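Here is a short briefing on one protein chain. Look over the sequence and the model first, then read the points by topic.

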Amino acid sequence: MVSGLINANPVVYEKKERRVRSASCDVDEYAVEPIDQLEVFDHIRDIKDPEHPYSLEELKVITEDAVEVDDKHSYVRVTFTPTVEHCSMATIIGLCLRVKLTRSLPSRYKVDIRVAPGTHATEAAVNKQLNDKERVAAALENPNLVDMVDECLAPSYGME
């Protein structure tokens with residue numbers, strides 16, 4: 001975690017109850033399965049905030065409603081809301097979201113990560129950085145950033 005907190009006292013919300021998905025036993029394991037909003041949200045809801053010991057869901061940085069999926073066109077957009085408008089961790093949070101979805105979704109999906117309009121002082125710059133392949137690749141060559149991302153993505157054993 002980072003010293004010198006940017007938002008020393010964030011509001012923490014209750015997590016939504018997880019919904020159980022029904023799995024059919026007679027499904028063709030090679031068939032292309034559609035992906036929906038809930039599945040994408042389940043992938044990212046437990047990502048830890050880089051500054052606090054809470055998940056992005058608990059801080060309402062991400063919500064299920066902020067996930068858009070167009071399965072027909074293999075497109076996913078996640079819009080996140082930083083806890084403060086001058087959050088210096090916004091690019092790290094966005095990078096965590098991108099890495100988690102890249103690891104979790106089939107490669108056919110284009111993933112678009114955005115800061116919610118009007119919620120960050122440098123919204124345009126953050127959005128540009130998070131959706132530029134070269135900038136993302138360069139960030140993921142930085143061992144300090146990779147360590148921070150891996151820490152945020154590490155499973156937490158206190159989860160339901």
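A residue counts as buried when its relative accessible area is under 20%. By that cut-off, buried residues make up 38% of the 160 residues in the protein chain. The model is predicted.

**Fold**
- The secondary structure of the chain comes to 5 helices and 3 strands.
- Read along the sequence, the elements follow the pattern α-β-β-α-β-α-α-α.
- Take the contacts between residues at least 6 apart in sequence: 68% of them join residues at least 24 apart.

**Largest pocket**
- The largest pocket has a volume of about 290 Å³.
- Three elements each give two or more residues to its lining: α2 (90–104), β3 and α4 (133–139).
- The biggest share comes from α2, with 4 residues.
- The lining of this pocket includes Arg-98, Val-99, Thr-102 and Arg-103.
- Also in the lining are Tyr-109, Lys-110 and Val-111, together with Asn-131, Lys-133, Val-136 and Leu-140.
- By type, the pocket lining divides into 5 nonpolar, 2 polar and 4 charged residues.

**Largest cavity**
- The structure holds 1 cavity of 30 Å³ or more.
- The largest cavity has a volume of about 60 Å³.
- Its lining has 10 residues, and the closest to the cavity centre are Asp-49, Glu-51, Thr-83, Cys-87 and Ile-93.
- The cavity lining divides into 5 nonpolar, 3 polar and 2 charged residues.

**His-120 and Cys-87**
- Where does His-120 lie? It sits in the loop between β3 (110–115) and α3 (123–130).
- His-120 counts as buried because its relative accessibility is 9%, under the 20% cut-off.
- A polar atom of the His-120 side chain lies 2.7 Å from the backbone oxygen of Cys-87.
- Cys-87 is also buried, with a relative accessible area of 7%.
- Cys-87 is one of the residues closest to the centre of the largest cavity.
- Leaving aside neighbours within four places in sequence, His-120 is in contact with Pro-82, Val-84, Glu-85, His-86 and Cys-87, among others.
- The other contacts of His-120 on that basis are Ala-90, Val-115 and Val-126.

**Cysteines**
- How many disulfides are there? The count comes to 0, with a cut-off of 2.5 Å between cysteine sulfur atoms.
- The sulfur of Cys-96 has its closest cysteine sulfur in Cys-152, at 3.9 Å. That is too far for a bond, because a disulfide needs the two sulfur atoms within 2.5 Å.
- Cys-96 is buried, at 1% relative accessibility.

**Positive phi angles**
- Most residues other than glycine have a negative phi. Two exceptions follow, Lys-60 and Ser-74.
- Lys-60 has a phi near 55°. It is found in the loop between α1 (37–44) and β1 (67–70).
- Is Lys-60 buried, partly exposed or exposed? Its relative accessible area is 41%, so Lys-60 is partly exposed.
- Ser-74 has a positive phi of about 55° and is not a glycine. It is found in the loop between β1 and β2 (75–80).
- Ser-74 is buried, because its relative accessible area of 12% falls under the 20% cut-off.

Methods
Residues are numbered from 1 along each chain as its sequence is written. This is a predicted model: local features need pLDDT of at least 70, side-chain atom pairs count only at pLDDT 80 or more; totals for chains, interfaces and linings use all residues. Side-chain values use heavy atoms; hydrogens and water are left out. On a 1 Å grid over the protein atoms alone, a cavity is a set of points where a 1.4 Å probe fits but cannot get out, and a pocket is an open set with protein on both sides within 12 Å along at least five of seven lines; lining residues have an atom within 4 Å of a point. Grid points are joined across faces, edges and corners, and a volume is the space filled by probe spheres set on the points. Ala, Val, Leu, Ile, Met, Phe, Trp, Tyr, Cys and Pro count as nonpolar, Asp, Glu, Lys and Arg as charged, and the others, Gly among them, as polar. Buried means under 20% relative accessible area, exposed over 50%, partly exposed in between (1.4 Å probe, protein chains only). A polar contact is a pair of N or O atoms within 3.5 Å; within protein, one must be able to donate a hydrogen and the other to accept it, and residues adjacent in sequence count only if both atoms are side-chain atoms. Contact means heavy atoms within 4.5 Å.
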